[in-house]
Amino acid sequence: MRRTTGRTNRDTAADRRPLLSAEELAEFLQVPISTVYVWNHRRQGPPAHKVGRHLRYRWAEVEAWLEDQAVDRAA
């Protein structure tokens with residue numbers, strides 16, 4: 001039986017970008033690598049995926065997490 005996630009082929013194709021390493025994520029967000037590891041430990045940052053013993057991040061999830069961090073200046 002094949003699982004469906006409600007995603008279209010276009011969504012799947014867009015998610016085929018290379019995964020980010022923890023080091024690449026730290027560089028992209030301009031934070032220390034230790035911050036990325038602390039976020040992962042505390043489950044505070046973008047969702048991480050274990051690939052072997054390495055942490056990897058999906059671009060779409062990083063971008064969604066980043067959007068959630070936006071400051072609401074109207075409040």
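## Strand pairing

Two strands count as paired if DSSP finds at least two bridges between them. Helices (H or I, at least four residues) and strands (E, at least two) are DSSP runs, numbered from the N terminus. The structure is a predicted model, in which local features need pLDDT of at least 70 and side-chain atom pairs count only at pLDDT 80 or more, while totals for chains, interfaces and linings use all residues. Residues are numbered from 1 along each chain as its sequence is written, and side-chain values use heavy atoms, with hydrogens and water left out.

## The sheet

Three strands form an open sheet in the order β1-β3-β2, and the pairing is antiparallel. The edge strands, each paired on one side only, are β1 (20-21) and β2 (49-51).

β1 pairs with β3 (residues 54-57) over 2 bridges in the antiparallel sense. In this pairing Ser21 stands opposite Arg56, and Leu20 has Tyr57 as its bridge partner. β2 and β3 are also antiparallel, with 3 bridges; here Val51 stands opposite His54. These two strands form a hairpin with 2 residues between them, and Gly52 in the turn has a positive phi of about 65 degrees.

## Faces of β3 and the position of Ser21

In a regular strand the side chains alternate between the two faces of the sheet. Along β3, Leu55 and Tyr57 point to one face and are buried, whereas His54 and Arg56 point to the other and are not. Buried means under 20% relative accessible area, exposed over 50%, and partly exposed in between (1.4 Å probe, protein chains only).

Ser21 lies in strand β1 and is buried, with a relative accessibility of 11%. Apart from its neighbours within four places in sequence, Ser21 is in contact with Leu55, Arg56 and Tyr57, where contact means heavy atoms within 4.5 Å.

## Packing of α2 and α4

Helix α2 (residues 22-29) packs against helix α4 (residues 59-68) at an angle of about 35 degrees, and their axes are 13 Å apart. Axes are lines fitted to C-alpha atoms, for helices over the stretch in contact, and angles run from 0 to 180 degrees between N-to-C directions. The crossing of α2 and α4 is right-handed: the near helix is turned clockwise from the far one by less than a right angle, whereas an anticlockwise turn would be left-handed.

On the α2 side the contact involves Leu25, Phe28 and Leu29, which meet Trp59, Val62, Trp65 and Leu66 in α4. The residues of this contact divide into 7 nonpolar, no polar and no charged. Ala, Val, Leu, Ile, Met, Phe, Trp, Tyr, Cys and Pro count as nonpolar, Asp, Glu, Lys and Arg as charged, and the others, Gly among them, as polar.

## Salt bridges

Side chains of opposite charge can pair when their charged atoms come close. The structure holds 2 salt bridges, each defined as a side-chain nitrogen of Lys or Arg within 4 Å of a carboxyl oxygen of Asp or Glu.

One of them joins the side chains of Arg17 and Glu63, at 3.6 Å from N to O. This pair links distant parts of the chain, 46 residues apart: Arg17 is in the loop between α1 (9-14) and β1, and Glu63 is in helix α4. Arg17 is partly exposed, with a relative accessible area of 37%, and Glu63 is partly exposed at 36%.

Arg58 forms a salt bridge with Glu61, and the closest N and O atoms are 3.6 Å apart. Arg58 is partly exposed, with a relative accessible area of 40%; Glu61 also counts as partly exposed, at 24% relative accessibility.
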